[in-house]
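Q: Can you walk me through this model? I'd like to go through helices, strands, backbone oddities and open space.

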Amino acid sequence: MASGEDNPKLQLYSYWRSSCSCRVRIALNLKGIKYEYKAVNLVKGEQFSPEFLKLNPIGYVPVLVDGDIVISDSFAIIMYLEEKYPQHPLLPQDVQRRAINIQAANIVSSSIQPLQNLAVLKYIEQKIHPDEKRVWVEYHIGKGFAALEKLLKDYAGKYATGDEVYMADLFLAPQIHTAIKRFSIDMTQYPILSRLNDAYNELPAFLDAYPEKQPDTPVEALG
């Protein structure tokens, strides 16, 4: 859980390995917002329960509940948090760097992550062939990472767009972590992303949000 500002109304419906949920967990940690973790087991199909579908009809995590307000989709949640809880801004004042942050976040959220999620890989396994999952994942992560290397080469400092943590970092960190830990992607082709990953691994707000630190992390995943 994040520590800091006390807001007992805030609930986050999350799954330990969900990179989309991880983005929001990082945002909450950076802003110091306490929240209640509500685990949704995607493998067991809990996202399709009538109760959860009332929160998000498409059946995806994360979902944030803030009193009477219910928001799904990590991008929408992060923007909501940014506007309601201004501490530790997630977007820089500089207009160009704001745009680059949003562009980098969109590459991850629209051109990489959706193509590697559980539903897509399960469909490929069932409808095409199990061996095609690996080929598919490597191609789409590689394409996205190559684009991010080109995008960030003129902007990256210690972090994605300079020496402060901003929105792009919240999207990049879980994606890189997933690529390495879940899909064993060779990162030697991506020197900027590799360097950023090293920097993220020094930040408690990121480390505490990673899959290995969640209440619903299976014991076998820690081995």
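**Helix α6 and onwards**

A: The buried residues of α6 are Val137, His140, Ile141, Gly142, Gly144, Phe145, Leu148, Glu149, Leu151 and Leu152. Bear in mind that this is a predicted model.

Q: What do the buried residues of α6 pack against?
A: Four helices: α4 (95-111), α5, α7 and α8 (191-200) are the packing partners of the buried residues of α6.

Q: Why would several of them be three or four places apart?
A: An α-helix has 3.6 residues a turn, so positions three or four places apart point the same way.

Q: What span should α6 have, and what does the model give?
A: Helix α6 covers residues 132-152, so its 21 residues should span 30 Å at 1.5 Å a residue. Its end C-alpha atoms are 30 Å apart, which agrees.

Q: Switching to alanine 199. Where is it?
A: Alanine 199 is in helix α8.

Q: Buried or exposed, for alanine 199?
A: Alanine 199 is buried, because its relative accessible area is 9%, and the cut-off for buried is under 20%.

Q: Which residues does alanine 199 contact, leaving aside neighbours within four places in sequence?
A: Alanine 199 is in contact with Lys158 and Tyr159.

Q: And how far is alanine 199 from tyrosine 37?
A: The two are 162 residues apart in sequence, and their C-alpha atoms are 26 Å apart in space.

Q: Tyrosine 37 is in β2, right? What does it stand opposite?
A: Yes, tyrosine 37 is in β2, and it stands opposite leucine 12. Strands β1 and β2 (residues 36-39) pair in the parallel sense over 4 bridges.

Q: Which way do β1 and β3 run?
A: Strands β1 and β3 (residues 63-66) run antiparallel, joined by 4 bridges. Within that pairing, tyrosine 13 stands opposite valine 63 in β3.

Q: How many residues of β1 are buried?
A: Strand β1 (residues 10-14) has 5 of its 5 residues buried.

Q: Which residues are on which side of β1?
A: Leu10, Leu12 and Ser14 are on one side, with Gln11 and Tyr13 on the other. Both faces are covered. In a regular strand the side chains alternate between the two faces of the sheet.

Q: Now backbone oddities. What kind of peptide bond joins valine 61 and proline 62?
A: A cis one, with omega about 5°. Proline 62 is in the loop between α2 (50-55) and β3.

Q: What sign does phi usually have?
A: Most residues other than glycine have a negative phi, and most peptide bonds are trans.

Q: What is phi for aspartate 73?
A: Phi of aspartate 73 is near 85°, a positive value in a residue other than glycine. Aspartate 73 lies in the loop between β4 (69-72) and α3. With a relative accessible area of 45%, aspartate 73 is partly exposed.

Q: And histidine 88, what is its phi?
A: Histidine 88 has a positive phi of about 45°, although it is not a glycine. Histidine 88 sits in the loop between α3 and α4, and at 33% relative accessibility it counts as partly exposed.

Q: On to open space. What is the volume of the largest pocket?
A: The largest pocket has a volume of about 780 Å³.

Q: Which elements give two or more residues to its lining?
A: For the largest pocket, those are α1, α3 (74-84) and α5 (118-127). The lining has 31 residues, and Leu42, Tyr60, Gln113, Asn117 and Leu118 lie nearest the pocket centre. By type, the lining divides into 13 nonpolar, 13 polar and 5 charged.

Q: How many cavities of 30 Å³ or more are there?
A: The structure holds 1 such cavity, with about 30 Å³ of space in it.

Q: Which residues line the largest cavity?
A: Arg17, Ser18, Ser19, Cys22, Arg25, Pro174, His177, Thr178, Tyr210 and Pro211. Helices α1 (19-30) and α7 (167-181) each give two or more residues to that lining. The lining divides into 4 nonpolar, 4 polar and 2 charged residues.

Q: Take serine 19 from that list. What does it touch, not counting residues up to four places away in sequence?
A: Serine 19 touches Gln113, Gln116, Pro174 and Thr178. Serine 19 is in helix α1, and at 8% relative accessibility it counts as buried. Pro174 and Thr178 also line the largest cavity, and Gln113 is among the residues nearest the centre of the largest pocket.

Terms used
Residues are numbered from 1 along each chain as its sequence is written. This is a predicted model: local features need pLDDT of at least 70, side-chain atom pairs count only at pLDDT 80 or more; totals for chains, interfaces and linings use all residues. Side-chain values use heavy atoms; hydrogens and water are left out. On a 1 Å grid over the protein atoms alone, a cavity is a set of points where a 1.4 Å probe fits but cannot get out, and a pocket is an open set with protein on both sides within 12 Å along at least five of seven lines; lining residues have an atom within 4 Å of a point. Grid points are joined across faces, edges and corners, and a volume is the space filled by probe spheres set on the points. Ala, Val, Leu, Ile, Met, Phe, Trp, Tyr, Cys and Pro count as nonpolar, Asp, Glu, Lys and Arg as charged, and the others, Gly among them, as polar. The expected span of a helix is 1.5 Å times one less than its number of residues. Buried means under 20% relative accessible area, exposed over 50%, partly exposed in between (1.4 Å probe, protein chains only). Contact means heavy atoms within 4.5 Å. Two strands pair if DSSP finds at least two bridges between them.
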